[in-house]
Amino acid sequence: MDNLKKTPLFDLYKKYNGKIIDFAGWALPVQFESIISEHEAVRNAAGLFDVSHMGEITVKGREAFNFLQNLITNDLSKLKDNQVFYTFMCNYNGGVVDDLLVYKYSDEHFLLVVNAANIEKDYKWMKDNKGVYEVEINNISDEISELAVQGPKAEEILQKLTYTDLSEIKFFYFKDNVKIAGIECLVSRTGYTGEDGFEIYMPNKYAVELWEKIIEVGKEYGLKPAGLGARDTLRFEAGLPLYGNELSEEITPLEAGFEFFVKFDKGNFIGKDALLKQKEEGLKRKIVGFEMIDNGIPRHGYEVRADNQKIGYVTTGYFSPTLKKNIGLALIDSKYAQLGNQIEIVIRNKPLKALIISKNFYKKNYKK
């Protein structure tokens with residue numbers, strides 16, 4: 001673990017019995033108590049996640065808006081000040097460089113929150129595509145810690161620590177300079193779990209203090225510290241993608257089923273031509289949801305078969321703690337992708353029957 005990157009909370013994991021794994025070069029807790037109990041805490045009460053490994057990149061300057069509008073697939077002209085949206089940064093072939101959140105302060109100031117595994121790659125991609133735009137791009141990831149409080153009781157718990165009325169921070173909006181337990185933070189309300197929740201960004205030196213304060217006030221509400229394991233099962237149930245599984249340089253947003261975040265009518269952007277061509281020609285492969293009929297747990301990378309041939313592979317698979325079923329997402333040949341179709345998942349060299357179902361396994365409970 002010595003050669004892995006660590007967040008400012010690393011020394012605290014032991015206190016809460018964190019089981020540490022290597023995640024994209026970071027030493028992070030996969031679980032504290034157990035994945036299932038943490039998952040259920042988030043669905044029924046609240047969970048506290050250390051997501052300080054996520055990357056933060058600022059884009060400032062006279063042409064910040066135009067630079068980003070060319071870089072991302074979503075339409076920046078629809079974003080208001082203090083609003084957040086989800087988008088993709090694509091390469092010229094339409095594959096995904098990263099999926100990210102864009103926080104808009106103004107037309108000349110944006111904050112991008114990117115995946116930990118892609119920080120350096122994204123930063124380089126942005127600088128390589130800066131061209132003649134008058135912008136300043138800064139990777140501030142090493143200065144910032146991020147905690148996420150997720151679950152139906154998130155607002156109630158966090159409200160105990162601030163005079164700011166958190167109900168005024170609407171879904172996919174943010175507020176800067178919010179004092180949480182006396183510490184100035186940026187607070188947003190997006191969530192990667194399918195539940196209501198808040199992301200709290202602060203300078204590294206305050207992360208431990210804030211974690212402990214939230215644990216303290218959250219105890220009586222049933223809040224638990226939660227690790228990467230529950231973060232993954234929660235996002236998966238909510239039908240949200242994970243970079244490296246449902247999205248990659250080789251998998252386009254259209255194949256992943258996220259055309260909603262690709263705005264072809266906004267003018268030019270990197271990857272537009274390739275994506276438009278793919279849309280017009282029809283998708284050759286798609287990500288689908290499936291439920292196991294035979295007994296077996298599907299896992300990332302397992303082969304998917306139909307008509308005695310390989311038609312794709314599992315991108316994510318789990319026993320769903322909420323639905324109590326074995327379910328998964330798979331990237332497969334489009335001609336087999338209809339709802340209700342039967343496919344086979346090869347588990348321990350044995351083809352087991354599964355049924356294609358909607359990817360929206362779980363109804364999201366956001367406060368909109």
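Me: Leaving aside neighbours within four places in sequence, which residues is Q278 in contact with?
Reply: This is a predicted model, and in it Q278 is in contact with T252, L254, E255 and L283 once those neighbours are set aside. Contact here takes heavy atoms within 4.5 Å. Q278 itself lies in helix α8, residues 272-281.

Me: Why is Q278 called buried?
Reply: The relative accessible area of Q278 is 17%. Buried means under 20%, so with 17% Q278 counts as buried.

Me: And what makes D22 buried, exposed or partly exposed?
Reply: D22 has a relative accessible area of 48%. Exposed needs over 50% and buried needs under 20%, so 48% puts D22 in between, as partly exposed. D22 sits in strand β1, residues 19-23. K5 and D22 are 17 residues apart in sequence, with 9.1 Å in space from C-alpha to C-alpha.

Me: Why is β9 said to be largely enclosed by the rest of the structure?
Reply: Count the residues: 7 of the 7 in strand β9 (residues 144-150) are buried, so the rest of the structure largely encloses this strand. Both faces take part: I144, E146, A148 and Q150 point one way, S145, L147 and V149 point the other way, and all are buried.

Me: Which strands does β9 sit between, and how do you know that they pair?
Reply: The open sheet has 6 strands in the order β10-β11-β12-β9-β3-β13, with mixed pairing, which places β9 between β12 and β3. Two strands pair if there are at least two bridges between them. β9 has 7 bridges to β12 (residues 197-203), running antiparallel, and I144 has P203 as its bridge partner there. On the other side, 4 bridges join β9 to β3 (residues 47-50), again antiparallel, with G47 opposite Q150.

Me: What makes the pairing in that sheet mixed rather than purely antiparallel?
Reply: β3 and β13 run parallel, joined by 3 bridges. G47 has K224 as its bridge partner in β13. Helix α2 packs on this sheet, touching β3, β9 and β13, and its direction makes about 115° with that of β13.

Me: Why is α2 called oblique to α7?
Reply: Helix α2 (residues 35-44) and helix α7 (residues 228-237) pack at about 55°, with their axes 8 Å apart. Roughly parallel needs an angle under 35 degrees and roughly perpendicular starts at 65, so about 55° makes α2 oblique to α7. The crossing of α2 past α7 is right-handed.

Me: Which residues meet where α2 and α7 pack?
Reply: From α2 come I35, E38, H39, V42 and R43, and from α7 come G229, A230, T233, L234 and E237. Sorted by class, this contact has 4 nonpolar, 3 polar and 3 charged residues.

Me: What else does α7 lie across?
Reply: Helix α7 lies across β16 (309-320) and β17 (325-333), running at about 115° to β16. Both strands belong to a closed barrel of 6 strands, β14-β17-β16-β15-β18-β19, with antiparallel pairing. Its neighbouring strands are turned by 45° against each other on average, direction ignored.

Me: How do you know that β18 and β19 count as a pair in that barrel?
Reply: Pairing takes at least two bridges, and 6 bridges join β18 (residues 342-347) to β19 (residues 350-357), so these antiparallel strands pair. Within this pair, Q342 has L355 as its bridge partner in β19.

Methods
Residues are numbered from 1 along each chain as its sequence is written. This is a predicted model: local features need pLDDT of at least 70, side-chain atom pairs count only at pLDDT 80 or more; totals for chains, interfaces and linings use all residues. Side-chain values use heavy atoms; hydrogens and water are left out. Buried means under 20% relative accessible area, exposed over 50%, partly exposed in between (1.4 Å probe, protein chains only). Helices (H or I, at least four residues) and strands (E, at least two) are DSSP runs, numbered from the N terminus. Axes are lines fitted to C-alpha atoms, for helices over the stretch in contact, and angles run from 0 to 180 degrees between N-to-C directions. Angles under 35 degrees count as roughly parallel, over 145 as roughly antiparallel, 65 to 115 as roughly perpendicular and the rest as oblique. A crossing is left-handed if the near helix is turned anticlockwise from the far one by less than a right angle, and right-handed if clockwise. Ala, Val, Leu, Ile, Met, Phe, Trp, Tyr, Cys and Pro count as nonpolar, Asp, Glu, Lys and Arg as charged, and the others, Gly among them, as polar.
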